[in-house]
Amino acid sequence: MTDYSFMEAVNIHIQKHLEEKTIADLQTEALKEHRKIQIITSVIGAALILLAFMMETPH
C-alpha cells in the first residue's frame with residue numbers, strides 16, 4: 001500500500017502558500033484602491049475650499 005502522507009503534506013503546504021499569496025495580493029490591491037480614494041478625496045476637498053474662497057471674495 002502506498003503512503004500518500006508526504007504528498008498530502010506537500011499539497012497542504014502549496015495550498016497554504018497560495019492562500020497566503022492571494023491574501024497578500026488582495027491586501028496590496030486594497031491599499032492601492034485606498035490610496036486612490038485618498039487622492040480623490042483630497043482633490044475634491046481642495047476644490048471645495050477653492051470654491052468657498054472664490055465665493056467669499058468680492059469680484
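**Salt bridges along one helix**

Trainee: What relative accessibility does Asp 25 have?

Mentor: Asp 25 counts as partly exposed, a class between buried (under 20% relative accessible area, 1.4 Å probe, protein chains only) and exposed (over 50%). This is a predicted model, where local features need pLDDT of at least 70 and side-chain atom pairs 80 or more, while totals use all residues. Numbering starts from 1 along each chain, and side-chain values use heavy atoms, without hydrogens or water. For Asp 25, the figure is 41%.

Trainee: Which residue forms a salt bridge with Asp 25?

Mentor: Look for a side-chain nitrogen of Lys or Arg within 4 Å of a carboxyl oxygen of Asp or Glu. Here the closest N and O atoms are 3.3 Å apart. The partner sits four residues away in helix H1 (residues 5–56), so about one helical turn separates the two. It's partly exposed too, at 45% relative accessible area, and it's Lys 21.

Trainee: And which residue pairs with Lys 36 in a salt bridge?

Mentor: Lys 36 is partly exposed at 46%, and its partner, at 36%, is partly exposed as well. The two are three residues apart in helix H1, so again it's about one helical turn. With the closest N and O atoms 3.2 Å apart, the partner is Glu 33.

Trainee: How many salt bridges does that rule give?

Mentor: The chain carries 5 positive side chains (Lys and Arg) and 8 negative ones (Asp and Glu), with His and the chain ends left out. Opposite charges can pair when their charged atoms come close. By the rule, the count is two.

Trainee: What share of the 59 residues counts as buried?

Mentor: The C-alpha trace spans about 90 × 10 × 5 Å along its principal axes. Of the chain's 59 residues, the buried share is 0%.

Notes: The place of a charge is taken as NZ of Lys, CZ of Arg, CG of Asp or CD of Glu.
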